[in-house]
Amino acid sequence: MVRDYDPSRPVPAAVVERLLEHAIRAPSAGFSQGWAFLVLESPDDRSLFWSVTTSSEAPDGWLTRMSRAPLLVVVLSSKDAYLDRYAEPDKGWTDRDEARWPVPYWDVDAGMAALLMLLTAVDEGLGACFFGVPVDRVDALREAFGVPSSHRPVGVVSIGYPGSDDRRSPSLRRGRRGLDEVVHRGRWLTPGS
Ligand SMILES: Cc1cc2nc3c(=O)[nH]c(=O)nc-3n(C[C@H](O)[C@H](O)[C@H](O)COP(=O)(O)O)c2cc1C
């Protein structure tokens, strides 16, 4: 993840299209493709995004650096698209019962689409960061950009050429968990046992 951007270098239009074309190549349950992408490029749109999703206090360093990103893509998911798709004859879940779903695949698939944008950004020599919209800001985001209640923001991908003042996440101090901690080969054995 990159959290500082060069504000003087917009993302070329062809690259924006490639990012989005790759996003829609993500896999999706039942090929439901219940995702949507709100693309914010103009200074006005981006500034509106930051004003409705952050507090009005003085911006902290994170926000100052992140708001230099020339491109923001809000990734949204539609649960109804999945419930509708799985109510079709070949799936047959006509009761639309959410308890049938092992996990919310509508959000999983939106996350996969976001990851494809992150990978494309790296391929293009760009930097990008995935981050969430605070729960108490979602309604304001909806209102500002006309997002219908059918769609929920899963996260936002900021994209641009990396700036010179990037900061790694302090969370990285936790260290990366190794394969020995997270992989269970054949049986779920407690590590070290
Ligand atoms: C679901 C999710 C939410 C995240 N939210 C934020 C966020 O709100 N702010 C931020 O700066 N980074 C956010 N990140 C980025 C993580 O901090 C980052 O992926 C993690 O620290 C590992 O760093 P790396 O991706 O650079 O290896 C988020 C990542 C994910 C997958």
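This is a chat about a predicted model, covering its ligand site and a few buried residues.

Reader: Hi! Let's start with the ligand: which residues surround the ligand?

Author: Happy to help! The shell consists of Met1, Arg3, Trp62, Cys129, Phe130, Phe131, Gly132, Arg168, Ser169, Leu172 and Arg176.

Reader: And how do those divide into nonpolar, polar and charged?

Author: There are 6 nonpolar residues, 2 polar ones and 3 charged ones in the shell around the ligand.

Reader: Which strand gives the largest share of the shell?

Author: That would be strand 3, residues 127-131, with 3 residues of the shell.

Reader: I'd like the polar distances too. What lies 2.6 Å from an oxygen atom of the ligand?

Author: A polar side-chain atom of Arg3 does. Met1 has a backbone N or O atom 2.9 Å from a ligand oxygen. On the nitrogen side, a polar backbone atom of Phe130 is 3.1 Å from a nitrogen atom of the ligand.

Reader: Nice. How much of the ligand does the protein bury?

Author: The protein buries 54% of the 630 Å² that the ligand exposes when taken alone.

Reader: Switching topic: where is Ser77 found, and is Ser77 buried or exposed?

Author: Ser77 belongs to strand 2, residues 71-77. Ser77 counts as buried because its relative accessible area is 2%, and the cut-off for buried is under 20%.

Reader: What does the side chain of Ser77 make a polar contact with?

Author: The partner is the side chain of Asp107, at 2.7 Å. Setting aside residues up to four places away in sequence, Ser77 also touches others, including Gly34, Trp106, Ala110 and His151.

Reader: Now helix 4. Which of its residues are buried?

Author: In helix 4, residues 79-86, the buried ones are Tyr82, Leu83, Arg85 and Tyr86. They lie on the same side of helix 4, because they cover an arc of only 165° around the axis.

Reader: And what do those buried residues pack against?

Author: They pack against helix 5, residues 105-123.

Reader: Last one: Val157. Where is the place of Val157, and is Val157 buried or exposed?

Author: Val157 sits in strand 4, residues 152-160, and is buried, with a relative accessible area of 0%.

Reader: What is Val157 in contact with, leaving aside neighbours within four places in sequence?

Author: Among its contacts are Leu71, Val73, Ala114, Met117, Ala128, Cys129 and Phe130. Ala128 is 29 residues from Val157 in sequence, yet their C-alpha atoms are 6.4 Å apart in space. Cys129 and Phe130 link back to our opening topic, since both also appear in the ligand shell.

Reader: Great, thanks!

Conventions. Residues numbered from 1 in each chain as written. Predicted model: local features only at pLDDT ≥ 70, side-chain atom pairs only at ≥ 80, totals over all residues. Heavy atoms only, no water. Near = heavy atom within 4 Å. Polar contact = N/O pair within 3.5 Å; in protein donor to acceptor, adjacent residues only side chain to side chain. Areas by Shrake-Rupley, 256 points an atom, 1.4 Å probe, with all protein chains shown as cover. Helix = DSSP H or I, 4+ residues; strand = E, 2+ residues; numbered from the N terminus. Nonpolar A, V, L, I, M, F, W, Y, C, P; charged D, E, K, R; others polar. Buried < 20%, exposed > 50% of the residue type's maximum accessible area, 1.4 Å probe, protein only. Contact = heavy atoms within 4.5 Å. Arc of directions from axis to C-beta.
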